[in-house]
Amino acid sequence: MILDLDVGNTRLKWRSVDGQGNVLARGVQGGSDAMTTLAAQLDKPQRIRVACVRDAKFKEQLRECINACWGLEAEFARSALQAAGVITAYARPENLGVDRWLTMLAAKARGRGACCIIDAGSALTVDLLRGDGQHLGGYIVPGLVMQRASLLERTAIRLPESLAWEGVAPGASTADAIHHGILDMIVTWVQVVSEPVLKSGGTLYLTGGDAQVFSAQLKARSVPHELVADLVLEGLAAALP
């Protein structure tokens, strides 16, 4: 069994796969003890592949924790100039977030040709991939919660954090005006960015913690897309076969 880990800024996503890549189990862990909690739930894997967007100090702590929990050396994915049929647009590939790199590898492995990849997390990233695997570059903007926090930080407005992202109609309250405005702005932008890819017969992929929110809005606008919960984890298999 291989254990794949996607370690983000706020949570840890995981899945276990067999030698043929079939998914055996998956889940999400939060909190500072996420790794030890996961270790108590799972049998010892044969390998552990890791995608981590945190800094070098955190990665070293994570490496030590994995070794203490399972007695294994973690295999960390790294962005590269090219791999698995994908060529990055970055002159210095080490500056490309490994999560973005892995989503591109996963999208290429799916064999759908050109694609636009939206990873909707704390930050919302967009990457454009040509059908031959050439990365055309991308965008990074604040995600839903980060945009909301930025607005509230610079105004006297106070809102409960439990409010959901559900609609885009003009708001009849301050809370709705903020939530609907931010959501409509990002969804409209995603439509514009992905339009050339979709017109060419390519695919729009959605992944990340807020992907379901965006998927609902894109469906309402009849924008074709594929919702893939574990695109980063899928990319680990291509980066570290």
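Biologist: Before we start, what does buried mean here?
Modeller: Buried means under 20% relative accessible area. One more thing to keep in mind: this is a predicted model.

Biologist: Thanks! Then Q217: buried or exposed?
Modeller: Q217 counts as buried, because its relative accessibility is 10% and the cut-off is under 20%.

Biologist: Which helix is Q217 found in?
Modeller: Helix α6 holds Q217, and that helix covers residues 211-220.

Biologist: And what is Q217 in contact with, leaving aside its neighbours within four places in sequence?
Modeller: With those neighbours set aside, the contacts of Q217 are E166, G167, V168, L183 and V187.

Biologist: Which residues of α6 are buried along with Q217?
Modeller: The buried set in α6 is A211, V213, F214, S215, Q217 and L218.

Biologist: What do those buried residues pack against?
Modeller: They pack against strands β8, β9, β11 and β12, and also against helices α4 (144-153) and α5 (174-199).

Biologist: How does α6 run relative to β11?
Modeller: The angle between α6 and β11 is about 140°. The helix lies across β8 (115-120), β9, β11 (203-207) and β12.

Biologist: Anything to flag just after α6? Which residue takes a positive phi there?
Modeller: That would be S222, with a phi of about 60°.

Biologist: Okay, on to the sheet under α6. What is the strand order in the one with β8 and β9?
Modeller: The order is β10-β9-β8-β11-β12, an open sheet of 5 strands with mixed pairing. At its edges are β10 (135-142) and β12 (226-227), each pairing on one side only.

Biologist: How many bridges join β9 to β10?
Modeller: There are 7, and the two strands run antiparallel. As an example of the register, D127 has G138 in β10 as its bridge partner.

Biologist: Now the other sheet, with β1 in it. What order do its strands have?
Modeller: That open sheet of 5 strands reads β3-β2-β1-β4-β5, again with mixed pairing. Its edge strands are β3 (23-29) and β5 (75-76).

Biologist: How many bridges are there between β1 and β2?
Modeller: β1 (residues 2-7) and β2 (residues 12-17) are joined by 6 bridges in the antiparallel sense. Within that pairing, D6 sits opposite K13 in β2.

Biologist: And what about β2 with β3?
Modeller: Those strands also pair antiparallel, over 6 bridges, with S16 opposite A25 in β3. They make a hairpin with 5 residues in between, and G21 in the turn has a positive phi of about 90°.

Biologist: Which helix lies across β1, β2 and β4?
Modeller: That is α7, which runs at about 130° to β1.

Biologist: Switching to pockets, my favourite. What volume does the largest pocket have?
Modeller: Its volume is about 590 Å³.

Biologist: Which residues lie nearest the centre of the largest pocket?
Modeller: G8, D99, D119, G121 and S122, out of a lining of 25 residues. The elements giving two or more residues to that lining are α3 (98-109), β9 and α7 (231-239).

Biologist: Which element gives the largest share of the lining?
Modeller: Helix α7, with 3 residues. So α7 turns up twice in our chat, as it is also the helix lying across β1, β2 and β4.

Biologist: Last one: how many charged residues are in the lining of the largest pocket?
Modeller: 8 are charged, alongside 10 polar and 7 nonpolar residues.

Methods
Residues are numbered from 1 along each chain as its sequence is written. This is a predicted model: local features need pLDDT of at least 70, side-chain atom pairs count only at pLDDT 80 or more; totals for chains, interfaces and linings use all residues. Side-chain values use heavy atoms; hydrogens and water are left out. Two strands pair if DSSP finds at least two bridges between them. Helices (H or I, at least four residues) and strands (E, at least two) are DSSP runs, numbered from the N terminus. Contact means heavy atoms within 4.5 Å. Axes are lines fitted to C-alpha atoms, for helices over the stretch in contact, and angles run from 0 to 180 degrees between N-to-C directions. On a 1 Å grid over the protein atoms alone, a cavity is a set of points where a 1.4 Å probe fits but cannot get out, and a pocket is an open set with protein on both sides within 12 Å along at least five of seven lines; lining residues have an atom within 4 Å of a point. Grid points are joined across faces, edges and corners, and a volume is the space filled by probe spheres set on the points. Ala, Val, Leu, Ile, Met, Phe, Trp, Tyr, Cys and Pro count as nonpolar, Asp, Glu, Lys and Arg as charged, and the others, Gly among them, as polar. Buried means under 20% relative accessible area, exposed over 50%, partly exposed in between (1.4 Å probe, protein chains only).
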